[in-house]
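Colleague: Hey, got a few minutes to walk me through this one? I'd like to get a feel for it piece by piece.

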Amino acid sequence: RALLEREVLPAWLPLRRWFAGASLGGAGAHLALAVLLPAPAGELLVWAEVEAAGVRWAVPLARIGEEEGAKPAGQLALARLRHGARVGLLTDAAATELFPRAVLAACRGGEHLATPEGEIRFLGSPALEALDLPEAPEVRRLGSERTSSAMILGEAAVLKVLRQVVPGPHPAAEMARHLGAIGYAATPPLLGEVVRAAPDGTAHTLMLLHGFVRNQGDAWSWTLDWLARHVDEAALTEAEPEDPLGGYRPLAEAIGRRLGQLHLALGRPSDDAAFAPVPLDPAHGAAWAEETAAELDRTLELLARPGRLPPGPDEAAARHLIAHRAALLRALRRLAPQDGTLHLTRLHGEFHLGQVLVAPGDAIILDFGGDPARSPAERRAKDCALRDVAGLLASLEYAAAVVVATEESGTATAAPTSRRAALISAWREAAGEAFLGAYRDAWEAEAGRLPAEAAKALDLARIATAARQLREEMAARPAWIGVPLRTLESLAAKLLREGG
């Protein structure tokens, strides 16, 4: 244990993407909990939780043979291990086939495991019992490990290991249960959950087991691939396309329709206080506008500092925003929803193209855990659902910018630059309109017209999103400042125009 805490974990943790670059500081790493998991005879599985950088992290461990050193599980090994006469490697259990199969079996069996800090409960749903899976299903890993490690079992279930262990209801599990109970179909069903219940009853969600949905990839990758093919093809011809979206329209409309249905479902009356809608009253509307004004003011203050202005054509936009800062802040406060026709509800909280799976003729919404940079309480808080709409529109802006950047890097085809840029711009506008149109249609099909205040609330949400993204880009990716800056410029022009 001393060797793990002093030498192994401090070297291994910072290399993991899910550790998010956290600094270990002087406290180092502390093995807070380690308990044997149910495993076949002769195998070693450990559920371990490590305290580091002021956070508790899930680091499940497994023993593998030295011959597996070149495989993914071996490449993630922490150290060499001797167990009696047996020599091998100690590795991240999430990279092995043994671990997800053992968790699946424990959920199916409803196992309860005593630990020094309460009890780990493997909870399976009736849907899991009905799932047709072999005892040792094929395991396939998903590449991204931003906050969790995910693996597909037998093309029927997805196991997600949540790397940060936090107390209280987990937003993703809570949302999945609620959406399943009210019959919302455009998200994978929750098959099971692994929870550590502390002695005082506080729950810590450790893992989630969802149903697997056959798909053609996430909407972000699908969008970039579609643009790379179709925009280049159109740019090499002289004829103007009849529809800038072409084959993209069904996806844009599916995302809008499914998001509208999600917001309607979350806006229905509920006996569960965590999901009961609350009217967005004038006081909250004014506070939201004031908070957004402060965010925009802080962003423009940073932009005005020496050396912050972007070079090239975006400099004029930045100077225009800075010059009209006071007028913009006054106009922004007038966007505050006032008539109480909008509601505060639960929402996705981090909605963008990467949170959508492209299914045949449909869109499947994923990952209801919210923004990992926020606390669990903040991610479970009710807010205006139009923030999700703003997030998707921003994602379309970024997709268009990525394709333009690909062109400028010289990896695109030899299509004329100006024509290609015009086609990408037309696509971006048309995709946003198709998404918003389908969102409105879904809303009107069930609840009538969107409240009149929705247009102002969406502008408020888009300004808040763009201001935050602009600060993030100034701090981490200055070359991308232009994307949120151009959104702010467009919204600012509208605000100033309407403000007289």
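Modeller: Sure. Keep in mind that this is a predicted model. Let's start with the second largest pocket: by class, its lining has 27 nonpolar, 6 polar and 12 charged residues.

Colleague: OK, and how much space lies in the second largest pocket?

Modeller: About 1300 Å³.

Colleague: Which residues are the closest to its centre?

Modeller: The lining is made of 45 residues, and E397, R428, E429, R462 and T487 are the closest to the centre of the second largest pocket.

Colleague: Which elements give two or more residues to that lining?

Modeller: Four names to look for: α12 (386-408), α13, α14 (453-476) and α15 (482-498).

Colleague: While α13 is on the screen, where does R420 lie?

Modeller: R420 is in helix α13, which covers residues 417-447.

Colleague: Is R420 buried or exposed?

Modeller: R420 is buried, because its relative accessible area is 2%, and the cut-off for buried is under 20%.

Colleague: How far apart are R420 and R86?

Modeller: In sequence they are 334 residues apart, and in space R420 and R86 are 62 Å apart, going C-alpha to C-alpha.

Colleague: New topic: aromatics. How many aromatic pairs does the count come to?

Modeller: The count comes to 8 aromatic pairs. One of them is W18 with W57, a tilted pair at 6.0 Å centre to centre, with 40 degrees between the planes.

Colleague: Where do W18 and W57 sit along the chain?

Modeller: In distant parts of it. W18 is in the loop between α1 (2-12) and β1 (29-36), while W57 is in strand β3 (residues 55-58), so you're looking at a pair 39 residues apart.

Colleague: Are W18 and W57 buried or exposed?

Modeller: Both W18 and W57 are buried. W57 also pairs with F19, and that pair is tilted too, at 4.7 Å centre to centre and 50 degrees between the planes.

Colleague: What does the pair of F19 and W57 tie together?

Modeller: Parts that are 38 residues apart in sequence, because F19 lies in the loop between α1 and β1 and W57 lies in strand β3.

Colleague: And what's the relative accessible area of F19?

Modeller: For F19 the value is 0%, so F19 is buried. W57 has a relative accessible area of 2%, so W57 is buried as well.

Colleague: Which residues form one aromatic cluster with W18, F19 and W57?

Modeller: W12 joins them: W12, W18, F19 and W57 form one cluster.

Colleague: What lies over the face of W12?

Modeller: That's R16, at 4.8 Å from the ring centre. There's a similar arrangement at F275, where R346 lies over the face of the ring, 4.7 Å from the ring centre.

Colleague: Last topic, the backbone. What phi does A53 have?

Modeller: A53 has a positive phi of about 55 degrees, although A53 isn't a glycine. You'll find A53 in the loop between β2 (45-52) and β3.

Colleague: Why does A53 count as partly exposed?

Modeller: Because its relative accessibility is 29%, and partly exposed runs between 20% and 50%.

Colleague: And what about the phi of D367?

Modeller: D367 has a positive phi of about 55 degrees and isn't a glycine either. D367 sits in the loop between β17 (362-365) and α11 (376-379). With a relative accessible area of 33%, D367 is partly exposed.

How values were computed
Residues numbered from 1 in each chain as written. Predicted model: local features only at pLDDT ≥ 70, side-chain atom pairs only at ≥ 80, totals over all residues. Heavy atoms only, no water. Phe/Tyr/Trp six-rings, centres within 6.5 Å; stacked < 30°, edge-to-face > 60°. Buried < 20%, exposed > 50% of the residue type's maximum accessible area, 1.4 Å probe, protein only. Lys NZ or Arg CZ within 6 Å of the ring centre and 35° of its normal. 1 Å grid on protein atoms, 1.4 Å probe; cavity = no way out; pocket = protein on both sides within 12 Å on 5 of 7 lines; lining within 4 Å. Points joined across faces, edges and corners; volume = space filled by probe spheres on them. Nonpolar A, V, L, I, M, F, W, Y, C, P; charged D, E, K, R; others polar.
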